[in-house]
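This report describes how selected strands and helices of one protein are arranged. The sequence and the structure are shown first, and the description follows.

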Amino acid sequence: LLESDGMLDLALGSYDKVNSRCPKSASAKRDLALALSKVGPRFYPRAISLLQSVISSSVDPKNDINIVAAIEWNSLVAKAQRDGFQLPQVIDKRLDVVRKDIQADIRICLGWDTANRDIDLFITEPDGFTVYHAEPESPKRGFLQQDVQANYGPEHYLQAQAEPGSYILWTNLPADPNDHPLLGPTTLFLRVFFNWGRQNQKEFLRCVRVLTTTKYLVLGTITVPDVATDRMNGATFAPGGSMSPLVFIGAESNTIVKAATSPRLNTAPRQMVQPQISQVSVRASSTFENP
């Protein structure tokens with residue numbers, strides 16, 4: 001929450017304490033590494049080392065945080081090299097096999113702070129196709145990495161070449177906090193990146209505190225302008241949004257689609273579900289750009 005409020009220095013102290021108290025937590029290492037990477041070049045070596053530790057940690061078949069960390073590690077190594085920072089003593093040579101220049105118009109990560117929650121990320125693309133765990137790749141090559149069912153996420157989406165129009169970001173919260181009173185409320189951490197892996201990369205960070213059961217929740221909308229070149233430079237991200245463009249299909253299903261394109265999911269719309277917006281505490285977004 002401190003990072004989303006723009007208090008990065010205070011957030012670093014909190015991330016560092018969590019990492020010290022939970023030395024085996026891949027999520028704690030990754031959170032600290034991402035924060036360090038924003039502070040400046042002198043923190044690149046430690047951030048890279050932390051991400052390398054996550055990449056090399058034990059693989060959980062229900063959570064591909066290793067792959068997510070590898071994507072972030074590649075980006076940070078490339079950024080450090082662009083900045084003229086020498087890293088020969090930092091780079092783990094064993095990771096040369098995962099070295100790859102990964103760039104994308106849009107990258108989205110959704111994490112959370114309550115371990116026993118199966119939270120899903122949905123991205124409705126401009127043509128109405130919804131990318132989610134059952135249909136992880138769209139005709140326009142939007143791609144959801146994995147249906148994360150353990151620990152704290154993140155669920156992870158990439159779109160290499162964004163189409164003009166609106167990308168609507170949704171989530172579902174199928175687990176009722178009342179069923180697990182000791183778990184308490186859940187905080188969602190949404191990171192939206194434009195021009196991922198490029199010199200003009202921009203990040204939007206948003207935190208949402210969910211205080212009670214909310215079946216579906218709009219996290220935000222990305223709007224990509226219809227221009228011939230430098231499309232993402234004119235793109236915008238707006239937190240929140242309206243439920244009206246989408247139709248939900250069945251309480252037992254996690255599927256979300258636009259009404260006009262519902263046949264592509266082979267299920268007829270049966271009911272609308274409205275979010276309990278009053279039960280959600282929204283933190284203002286912070287924006288970070290590469291220096």
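Two strands are said to pair if DSSP finds at least two bridges between them. The model under discussion is predicted. In it, an open sheet of five strands follows the order β3-β2-β6-β9-β10, and its pairing is antiparallel. The edge strands of this sheet are β3 (130-131) and β10 (236-239), each of which pairs on one side only.

**Strand pairings**

Strands of a sheet pair through backbone hydrogen bonds, in either a parallel or an antiparallel manner. At the β10 edge, strand β9 (residues 216-224) is joined to β10 by four bridges in the antiparallel sense. Within this pairing, Ile-222 has Phe-237 in β10 as its bridge partner.

Strand β1 (residues 104-112) is mostly covered, with nine of its nine residues buried. Strand β1 runs antiparallel to strand β7 (residues 186-196), and eight bridges join the two. Strand β1 also pairs with strand β5 (residues 155-159) in the antiparallel sense, over five bridges. The table lists one bridge partner pair for each of these pairings of β1.

| Strand pair | Residue | Partner |
|---|---|---|
| β1 and β7 | Ile-108 | Val-192 in β7 |
| β1 and β5 | Leu-110 | Glu-155 in β5 |

**The loop between β9 and β10**

Is Asp-226, in the loop between β9 and β10, buried or exposed? Asp-226 counts as exposed because its relative accessibility is 66%, and the cut-off for exposed is over 50%. The C-alpha atom of Asp-226 is separated by 4.9 Å from that of Pro-164, although the two residues are 62 residues apart along the chain.

**Packing of two helices**

Two packed helices are described by the angle between their axes and by the distance between those axes. Helix α2 (residues 26-39) packs against helix α3 (residues 44-55) at an angle of about 155°, and their axes are 8 Å apart. Helix α2 is therefore roughly antiparallel to α3, since angles over 145 degrees count as roughly antiparallel. The crossing of α2 and α3 is left-handed.

On the α2 side, the residues in contact are Ala-26, Lys-29, Arg-30, Leu-32, Ala-33, Leu-36 and Ser-37. They meet Tyr-44, Arg-46, Ala-47, Leu-50, Leu-51, Ser-53 and Val-54 in α3. By class, this contact of α2 with α3 comprises nine nonpolar, two polar and three charged residues.

Definitions and conventions:
Residues numbered from 1 in each chain as written. Predicted model: local features only at pLDDT ≥ 70, side-chain atom pairs only at ≥ 80, totals over all residues. Heavy atoms only, no water. Buried < 20%, exposed > 50% of the residue type's maximum accessible area, 1.4 Å probe, protein only. Axes fitted to C-alpha atoms, helices over the stretch in contact; angles between N-to-C directions. Parallel < 35°, antiparallel > 145°, perpendicular 65-115°, else oblique. Left-handed = near helix turned anticlockwise from the far one by under 90°. Contact = heavy atoms within 4.5 Å. Nonpolar A, V, L, I, M, F, W, Y, C, P; charged D, E, K, R; others polar.
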